[in-house]
Amino acid sequence: MIRKATLLAVLTATLLSPAAVALPGTASAQVNTASAGPSTASRQTVRLVPDELGPDLIREPDAKIRISGSLINNGKEVLSNLYVRMSYAGRPFTQRAQMSAYLSGQPGSQPGSWLVENYQQPIAPSGKAAWEFAFTPQELGISRFGVYPVMVQVLDSLRQEVAALRTFITYLPRDATVPRTRLAVVLPIVDQPRRADDATFVDGGLPAAMASGKRLGNLLKIAQDTSSVKGITWVVDPALLDDARAAGATHWSRTKGKTERRPGDPAATRWLDDLKTALADPPVVVTPYADPDVTALAHNGLDDVTATGVETGGRTARELLGREVRTDVAWPVGGMIDYDGLDLLATSGVGTVLLNSTNLPLAAATTAPDGTTGVPVTPPATPDAVAPLSSVGGPVRALVADPVLSETLGAATSAPGAALQSRRRFIAETAMISAESAVDPGTAAATGTTGTAAAAAPAKTVLVVPPRRWSPDPAYVTDLVETAASLPWLTPTTLDSVKPAKDPAAPAARADLTYTPQDRGNELGKTYMGGIRRVGARADLTAAITKVQDVDPFDRALLRLSSSAWRGRTDDAAPYVERVRETIDTWIAKVAITGNELSQIRTLAGQDGEVPISVRNDLEGGDDKIVRVRVKVTSGDRKLLKIEPYDDLMEIHAGRAETIRVPMTASGSGQTTVTVQLTTEDERKYGQRVRLTVRTTGYTGIALVIVGAALVVMLAAVVMRILRRRGARRAAAVKPPARQPAVPAGNES
């Protein structure tokens, strides 16, 4: 232990004298609190902000370590009678759990040695005062590899703590050899759906989110700045890429109930092109299209959607990124899944899942020799990330994310000093993981193990996955992953290189998949998913009549509606659902029975005849818009009118109409209706049914009698006329010659 007097002499020279800094307009508001010390309000407004915590890694016993920062008064009163003190411990942590206890301020976890305290001059409201401590590992008695606590405290006149800054220093002697931990970092580029159907944007905020300094713009910058950093695997939602492509071209946008045509946004095209370039080399894993809520799909009878999402996502990403991507790695929302969801993924071709540590926790208890459950224990070392699982589709490999490292990488860093503290913790945590695997020098000497063999142990893998829809600081993330790649106790690795630890003792026993009622409650709800199921049933009709069977115009729309982005905000998804429903109804209505002949009454003269029925396909497109439908005609009065057998299957090209002639037979005269319904080939009803009125006369036999009788009468009349004419001619032939008129008497000559 270093003598206190010596430390005072060393540190006094390096301790900066703090100066009170008052912001303009605050001098008149100063209140002297010297007699009583800081008030309760003051205790809540004192803040320690670090400016320097360095260096990241100390390797020499005489290396200078500086810890400096500012003491800020966020209150409305002058702060005085304050002291700044630095405490430390000369022995390193032995477990990561001790580090967490220390950071949370648990009693008994704080360092017991302190160097020097310095009296602070009064600090005005909104003012700040600088502080600094400088020392070497040798002065603190630090000599072996490990992580050591260092705490800076602000004390009042009663020596009570009013603020504290807890951090770490990591020491690795130059001649030390430590085991390397494989570090796999996964960085997500996942957004929410912006379109409902393929044509229409419901949310117009995509270009703004892609701007520099905004969330998607920051993700692009990280991808660009870390393109050469080893050990990073990117997880990308293909729907985001697809939305960017659509936004870059002329598109439709729906706002306040109105749909307008918009020109393409060059910023969206530029973002997509830049991302394609940045992701040309690093490993890329894609989520199923639109990142659907897999467990919600499994629990609501929409099993087929997941496989469709995997296939559609892979095809879309390969097209837009111009490279091969992996679809056999899945990242369930929140890293949480149950066996229903796992089975869905496995049967969809997934062989690896990225999980939260609470989803696949360590075994909570030891097992006693008699087989009973023992006392819960804290694992002595960080477990390997790799763990086996079983599913109906076969073995699945689980990669369990480290919660602390994942939280630290994805931490918000906007507050002053936050990035510096998070960076320091990440370095310390990774060093502690390797220190857990190192063989203690004392133990090595006792067992006769020396040199590299004494320090090295089989490597294990640690997985780091920040939150799904994080909003990162590019400078912080880039700096952190670059630093991690250079640390001597880490070996960066990508997901495709992750393998189980070789040491049989390294994989810690894990419990079964743990999926609680609360996890189930976080899924997309039953009511919402029921609506999606109904929309999906109508969408299936459009695919069922399409001749090209591998084309489903609404696959992507249903995946967008099933996106995990709608968890906890299904009200925001309502306009998407409504728009998709409208689009499907419009699509269905474009293949329909034409109405001209249906507006008239059809007359079936006689006992049998044919009624023409036309069906039109108003869809726009090529061969993928050829439809096949059946025309089902049903008589409303089967005793009066019977539908005879006919070929009811029709194939109609886009933009054309076809007519089918339906044979019917009447048993009498009267009027009835026939119902005409289009169906799919498997006879599911398609579109609205229509009714046609058919009037039957039943006059065929009577008409023949009447016509026959008329012909007989007419023939008889003709015969009679002929006979009369013949009789007249005969009478004229036998008539005597006409007499000469007599000559009167007396007139004879």
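# Reading a predicted chain: a short tutorial

Mentor: Start with the contacts. Of the contacts in the chain with a separation of 6 or more, 77% are between residues 24 or more positions apart. Keep in mind that this is a predicted model.

Trainee: How many helices and strands are there, and what share of the residues is buried?

Mentor: The chain has 21 helices and 28 strands. It holds 749 residues, and 48% of them are buried.

Trainee: Which parts should I treat with care?

Mentor: Low pLDDT is the sign to look for. Where it is low, the predicted coordinates should not be read in detail. Here the chain average is 83, and 80% of the residues score at least 70. Residues 439-457 fall below 50, with 16 contacts in the model beyond near neighbours in sequence. Residues 1-42 stay under 50 too, and the model gives them 67 contacts beyond four places in sequence.

Trainee: How do I judge a helix by its length?

Mentor: Compare its end-to-end span with the expected rise of 1.5 Å a residue. Helix H16, residues 474-486, has 13 residues and should span 18 Å. Its end C-alpha atoms are 18 Å apart, so the two values agree. H10 has 19 residues and reaches 28 Å, close to the 27 Å expected.

Trainee: And how do I read the faces of a helix?

Mentor: An α-helix has 3.6 residues a turn, so residues three or four places apart point the same way. Now list what is buried. In H16 the buried residues are Pro-474, Tyr-476, Val-477, Thr-478, Leu-480, Val-481, Thr-483 and Ala-484. In H10 the buried residues include Val-305, Gly-309, Thr-312, Thr-316 and Leu-320.

Trainee: What do the buried residues of H16 and H10 pack against?

Mentor: For H16, the partners include strand S8 (181-189), helix H6 (215-225) and helix H13 (418-437). Strand S19 (490-492) is also one of them. For H10, they include helix H7 (238-247), helix H8 (266-278) and H19. Just after H10, Gly-322 takes a positive phi of about 65°.

Trainee: How do I read a pocket?

Mentor: Ask for its volume, then its lining. The largest pocket has a volume of about 790 Å³. It is lined by 27 residues. Nearest its centre lie Asp-198, Pro-553, Phe-554, Trp-587 and Lys-625. H10, helix H19 (555-561) and helix H20 (570-589) each supply at least two lining residues. H20 gives the largest share, 5 residues.

Trainee: Is Thr-494 buried or exposed?

Mentor: Check relative accessibility against the cut-off: buried means under 20%. Thr-494 is at 14%, so it counts as buried. Thr-494 lies in the loop between S19 and helix H17 (517-521). Beyond four places in sequence, Thr-494 touches Gly-231, Ile-232, Thr-233 and Pro-283.

Trainee: Where is Glu-651, and which residues is it in contact with?

Mentor: Glu-651 sits in strand S25, residues 649-652. At 30% relative accessibility, Glu-651 counts as partly exposed. Leaving aside neighbours within four places, Glu-651 is in contact with Lys-547, Ile-626, Val-627, Arg-628 and Glu-658. Two side-chain partners deserve a look. A polar contact of 2.7 Å joins Glu-651 to Arg-628. Another, of 3.2 Å, joins Glu-651 to Lys-547.

Trainee: How far from Glu-651 is the C-alpha atom of Ile-545?

Mentor: The C-alpha atoms of Glu-651 and Ile-545 are separated by 9.4 Å. Along the chain, Glu-651 and Ile-545 are 106 residues apart.

Terms used
Residues are numbered from 1 along each chain as its sequence is written. Side-chain values use heavy atoms; hydrogens and water are left out. pLDDT is the predictor's confidence in each residue, from 0 to 100. Contact means heavy atoms within 4.5 Å. Helices (H or I, at least four residues) and strands (E, at least two) are DSSP runs, numbered from the N terminus. The expected span of a helix is 1.5 Å times one less than its number of residues. Buried means under 20% relative accessible area, exposed over 50%, partly exposed in between (1.4 Å probe, protein chains only). A polar contact is a pair of N or O atoms within 3.5 Å; within protein, one must be able to donate a hydrogen and the other to accept it, and residues adjacent in sequence count only if both atoms are side-chain atoms. On a 1 Å grid over the protein atoms alone, a cavity is a set of points where a 1.4 Å probe fits but cannot get out, and a pocket is an open set with protein on both sides within 12 Å along at least five of seven lines; lining residues have an atom within 4 Å of a point. Grid points are joined across faces, edges and corners, and a volume is the space filled by probe spheres set on the points.
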